[in-house]
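Welcome! Here is a short tour of one protein model, taken piece by piece. Please have a look at the structure first.

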Amino acid sequence: MLRVTNASRSIFVGPKVPGRLKSTLSVGIETKNADVSPELGWDDALPYSDIPGPKPLPVVGNLHRFLPGGEFYKKDTSDLFKTINETYGPVSKLPGMFGKPDFVLVYDADEVAKVFRSEGPWPVRMGAYCLDYYFRNLRKDFPPSLTVAQGQEWQEFRSAVNQVMMQPRNTKQYVEPIDMVTQEFIDRMREVRNDSQEMPPDFSHEIAKWALESITFVALDTRLNLFKNLAPDSEASKMIEAVHAVFDGMYELDFKPSPYKFISTPAYRRFVASMDYVTQVSAKYVNLAMERLKKAPTNEERTLSVLENLLIRTQDPQRAVTMALDMLLAGIDTTGTSVATVLYQLAIHPEKQAKLQEELDRVIQDPTKSLTTKQLEEMRYLRACIKETMRLTPIVIGNLRSTIKDMVIGGYQVPSGSMISMNSQAISTNELYFPRASEFIPERWLPGADDIKGKHPFAFLPFGFGPRMCVGRRFADLEIETAVAKVFRNFSLEWNRPPAKTQFRILFSFVDPLTFTVKDRV
């Protein structure tokens with residue numbers, strides 16, 4: 001069993017780094033129409049059993065609905081939840097199978113607010129059952145990740161991580177390195193472009209390489225040099241494949257009926273092998289960081305990295321590995337796909353792309369120089385384009401919580417311990433909350449334009465809400481903003497094909513190749 005060395009556990013005190021970056025999370029949403037209706041008492045609410053939803057059969061539950069001929073057969077996650085919403089209403093129930101709990105599905109922003117405001121200081125977020133099973137049964141040498149930890153175990157881990165990940169000053173030191181990685185991505189786009197100025201069919205893989213290179217520098221203090229021509233069996237290539245396989249496994253094991261806890265299925269074995277590889281690589285680089293800290297002069301004045309800060313604050317290299325795993329798993333497919341969706345939306349809306357380029361040309365007068373924190377803060381339309389893309393095509397289907405007390409949701413009794421799935425995509429594209437909801441209008445996030453602003457503060461939560469809000473959101477903002485700014489400062493993108501086909505499993509993704517036409521601007 002792999003174990004991280006305990007080479008050093010002495011405490012180092014690092015210098016503070018000033019400065020802050022604005023977050024894509026900050027949103028301009030009106031709240032005057034967002035009052036929650038008066039609370040219905042428990043005794044006046046309908047019983048839990050009356051929550052509408054597909055009724056299960058004895059023994060097999062709703063399994064038949066997912067088999068050939070069933071109404072859910074071959075539906076991806078988005079289509080499944082959309083069908084349930086349209087059939088059963090804004091609060092519905094999908095009964096669990098194979099020992100998994102029911103899902104109470106919520107498509108109403110008022111009810112979302114009620115769930116979040118009742119979650120307490122230690123929110124319970126279940127759902128990643130195969131990941132939880134991996135840590136608690138197969139890798140007991142590492143603490144459970146923030147994704148699956150609960151209660152005091154989660155609170156202690158999150159408190160230590162917050163001091164490192166949530167401080168704006170710790171993000172500032174990565175502006176230049178992320179710019180450097182992104183410049184390599186820009187150079188790579190020129191290199192792989194064909195004679196017709198189109199990106200290759202595997203351009204999504206190039207974006208994933210950029211995302212992995214960026215987050216690896218933050219999480220593991222290392223460069224994988226992914227934009228070199230790597231052999232298929234290289235560590236970097238295998239890392240990308242492993243992370244993709246982890247998400248595929250989570251979909252197969254947690255979102256689809258699977259008996260993996262009782263029978264070792266092929267999907268389960270692939271998931272475990274992929275998790276083992278990502279864990280092994282993470283532990284390797286955490287060990288190297290520990291050795292550097294051990295050898296560093298005690299009187300050396302320098303800015304400590306995120307990983308070094310985490311090692312110092314937790315005094316636990318095993319926990320640092322777990323946090324690195326969280327950052328890698330949460331920061332590759334999500335961030336990479338976020339960038340891909342912004343590129344796509346701006347490519348199919350050339351008038352918005354031109355408006356963004358006017359801002360970029362004004363702020364980034366010399367595109368050969370590294371971006372600065374000040375420049376990023378000045379790009380308001382850039383952030384508006386990113387927010388509007390996240391609203392139209394959220395990368396994650398929604399937010400999960402388990403109720404910590406009996407609640408009334410949508411007029412129904414929902415007992416403590418129930419699993420709540422709050423569907424971001426359905427809510428953020430609902431005309432009740434966003435006028436002209438199906439249109440791509442970045443201006444709704446800028447001052448003025450009151451007629452198209454969002455009408456509810458809980459209708460758009462791309463990074464979640466409350467104590468369990470995404471811990472890496474500041475780094476995600478930095479990476480996405482840097483990539484989009486540099487791409488459109490250097491290029492104009494066109495989409496000269498039919499609308500791209502997409503799918504939603506654990507995460508949103510493109511099915512069709514992202515063969516953008518990419519024309520130089522500089």
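Which residue of β2 is the bridge partner of Val91? In β2, Val91 is partnered by Val106.

Before going further, a word on how to read this report. This is a predicted model, in which local features need pLDDT of at least 70 and side-chain atom pairs count only at pLDDT 80 or more, while totals for chains, interfaces and linings use all residues. Residues are numbered from 1 along each chain as its sequence is written, and side-chain values use heavy atoms, with hydrogens and water left out. Helices (H or I, at least four residues) and strands (E, at least two) are DSSP runs, numbered from the N terminus.

**The strands**

Let us stay with β2, which covers residues 103–106. Strand β1 (residues 91–94) runs antiparallel to β2, and four bridges join the two; strands count as paired if DSSP finds at least two bridges between them. Opposite Leu94 stands Phe103 of β2. Phe103 also has a bridge partner in β6, namely Met419. Strand β6 (residues 419–423) pairs with β2 in the parallel sense, over four bridges.

In a regular strand the side chains alternate between the two faces of the sheet. In β2, Phe103 and Leu105 point one way and Val104 and Val106 the other way, and all are buried. Buried here means under 20% relative accessible area, exposed over 50%, and partly exposed in between (1.4 Å probe, protein chains only). Both faces of β1 are covered too, with Val91 and Lys93 buried on one side and Ser92 and Leu94 buried on the other.

**A covered helix and its neighbour**

Next comes α11 (residues 306–314). Eight of its nine residues are buried, among them Val306, Glu308, Asn309 and Ile312. The buried residues of α11 pack against several helices, including α5 (151–165), α10 (266–295) and α18; contact means heavy atoms within 4.5 Å.

How do α11 and α12 cross, in degrees? The axes of α11 and α12 (residues 317–331) cross at roughly 140 degrees and come within 9 Å. Axes are lines fitted to C-alpha atoms, for helices over the stretch in contact, and angles run from 0 to 180 degrees between N-to-C directions. The two helices are therefore oblique to each other, given that angles under 35 degrees count as roughly parallel, over 145 as roughly antiparallel, 65 to 115 as roughly perpendicular and the rest as oblique. On the α11 side the contact is made by Leu307, Leu310, Leu311 and Thr314, and on the α12 side by Pro317, Arg319, Ala320 and Met323.

**Positive phi angles**

After α11 comes Gln315, whose phi is positive. The table sets Gln315 beside two other residues with a positive phi.

| Residue | Phi | Place |
|---|---|---|
| Gln315 | near 55 degrees | follows α11 |
| Lys74 | about 65 degrees | loop between α1 (63–66) and α2 (77–88) |
| Asp221 | near 55 degrees | loop between α8 and α9 (235–255) |

Lys74 counts as exposed, at 72% relative accessibility.

**A buried loop residue**

Is Ala459 buried or exposed? Ala459 is buried, with a relative accessible area of 4%. Ala459 lies in the loop between α17 (424–428) and α18 (473–490). Leaving aside residues up to four places away in sequence, Ala459 touches Ala109, Ile427, Ser428, Tyr433 and Phe434. Ala459 and Tyr107 are 352 residues apart in sequence, yet 9.5 Å apart in space, C-alpha to C-alpha.
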